[in-house]
Amino acid sequence: MIAAEFDYAVAESVDDAIRLLEEGGADAKPLAGGHSLLPLMKLRFAAPSLLVDLRNLSELRGVQTGDDSFRIGAMTRHADLQVRDDMGLIAAAAKQIADQQVRNRGTIGGSLANGDAAADLPAVLLALDGSVVVRGLNGEREIAAADLFEGYLTTSIAPGEILTEVRIPALAGYGYGYEKFNRRSEDWAMVGVCALVKSTGAVCEDVRIGLTHMASTPRRASAAEDALRGQPLDDDHIAAAAALAAEGTDPPADLNATPDYKRHLARVLTKRALTTAIAA
Amino acid sequence: MTVFTGASPHGQGHETGFAQIVADRLGVDPNIVEVVHGDTGTGPMGLGTYGSRSLAIGGVAATHAAEKIASKCREIVARNLEADPGDIELHNGRFSLRGDPEQGMTLAEVAGCAYIDATKMPEGMELGLEQTLIYDPTNFVFPFGTHVCVVEVDAETGKVTVVRWVAVDDCGPAVNPMLIDGQVHGGVTHGIGQALYEQVVYDARGQLVTGTFMDYALPTANEVPNFETDRTETKSPSNSLGVKGIGEAGTIAATPAIVNAVIDALRHEGISFIDMPLTPLRVWQALEEARGRGHGPRATEQGVSLPPQGEDSAGSGPTVPEGGAS
């Protein structure tokens, strides 16, 4: 439970952080809230040679509210988001991340850059069709959520690049629901499902469903979305769509669940998340 | 005043309870009593704390030691008041003459005689106010109680939630009701952990996969209900305080209470047994089996038959070969 030896530097600006990471080489890692990276280091699953601490980059903390979107600084804490009910789904998900101590330290940028399929926010970003802004020596670029998560704990953020901002659409008119299933409230999701539904009358105009921990990356339940879009939002159609929630997923077995059980949970939770989203 | 004990606690509150008992018998404020434990170099021989025995054995030993010191105090006071030791009683924190409480001495004044002024001691009496006492009970104590719990089982996911807990325990005369409640709360939480959450799991290659508290699922405050506790007080005949242990009452009661409640909730499905811990996976597998699907909880024992990532473990067969281990 003691991390391997590493060097430590505190960045005073984003450019400073980029320079420190460049100088640190391939095994240098940025440190945000530290609630994923530090436990991995203590278990010796990760052994970076240098940690570049982003704690002083106050310009990366906070939310800018636009007409139809939000720009969230990468160092914004989960605790900052969990009280933003005006931000809808992302606040609902932030409320359920681990426990309050973790939410007080963990950041949205750190969680997304870590790309853990069992974490709450990656699937939420995917369902929202959000994006992230990253900056490196070669300048700044925006990565759509659909292009961000490449594999188990792997994202398309290049070495030396720092995630600086998260952009999500406000999605006015959408109801939302978030269902997280775990054994204890502080645990990772065994399966999580977030749903966004826009309806006209009683008909589904648009629906987006994000799946947590149903593959090595977060997934969209595309088959379920397609089955519900344009259909009446009654119990039968919701149940029929939810039955397709695990299509195309590849859930890993773990201590608490078999793949079969996870597929079953995805179907049950999708039905519940859709029901909540429609009632909202 | 210092009490040394070999019944070393790890959070049960001996410092408070033992201080109360001793202070009562010597007429002092419990706040001035320091209870020292955990150091075999300074304390008396003791076997530690286990078996819900600390109060019923260590506490009784402290009681008897305090009573011996109190008896010595009465003799010293009697000598100074030229009275009979049988006429000296503890009254408002002073050792006073029965019928004339104005005449008396505080414990501090008695200690002044015992440690500083041998001329005020009864002839031949050993100086000092110290007593070491080893107590071996003639019999065990037998606490009893009843715990009733209400659980909800999510019939779709298999998740069990404890929604209500009522516990009535009898550990004899209550030395400290708050400590008793604390012991019951902790014990029940421990029992809930055994019934629903905690498990040491090794994978097929012998690797421990529950090596941190993230994996070894100890219940937290979020997983337990508000406990409704009450008690009856029936004296034990085994010791002079009449006290009985409370430390394990919750632990022993909670586990079967929960499992019985879950089975009661599932009996109409034809389920009469599920191995502990009753994880969501196991309850769901039991429900599936009862509905004619799958192989039941034993076919996918958690951790034991963990397949490589992505490979479905359904149908991997029972971990205990059919026909037993012959």
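How do H4(B) and H5(B) lie to each other? They are oblique to each other, because angles under 35 degrees count as roughly parallel, over 145 as roughly antiparallel, 65 to 115 as roughly perpendicular and the rest as oblique. A quick heads-up: this is a predicted model, where local features need pLDDT of at least 70, side-chain atom pairs count only at pLDDT 80 or more, and totals for chains, interfaces and linings use all residues. Residues are numbered from 1 along each chain as its sequence is written, with chains lettered from A and ligands numbered from 1 in written order.

**The helix pair in chain B**
- The axes (lines fitted to C-alpha atoms over the stretch in contact, with angles from 0 to 180 degrees between N-to-C directions) of H4(B), residues 177–197, and H5(B), residues 249–266, come within 7 Å and cross at roughly 40°.
- Helices here are DSSP runs of H or I, at least four residues, numbered from the N terminus.
- Residues in contact (C-beta atoms, placed from the backbone, within 7 Å) include Gly187(B) and Ile192(B) of H4(B) and Ala253(B) and Ile258(B) of H5(B).
- By class, that contact has 10 nonpolar, 8 polar and no charged residues; Ala, Val, Leu, Ile, Met, Phe, Trp, Tyr, Cys and Pro count as nonpolar, Asp, Glu, Lys and Arg as charged, and the others, Gly among them, as polar.

**Domains in chain A**
- Chain A splits into domain 1 (7–53), domain 2 (58–169) and domain 3 (174–279), with bounds from an automatic or database domain assignment.
- The C-alpha centres of domains 1 and 2 of chain A sit 18 Å apart.
- Their contact takes 12 residues from domain 1 of chain A and 17 residues from domain 2 of chain A.

Conventions
Contact = placed C-beta atoms within 7 Å. Helix = DSSP H or I, 4+ residues; strand = E, 2+ residues; numbered from the N terminus.
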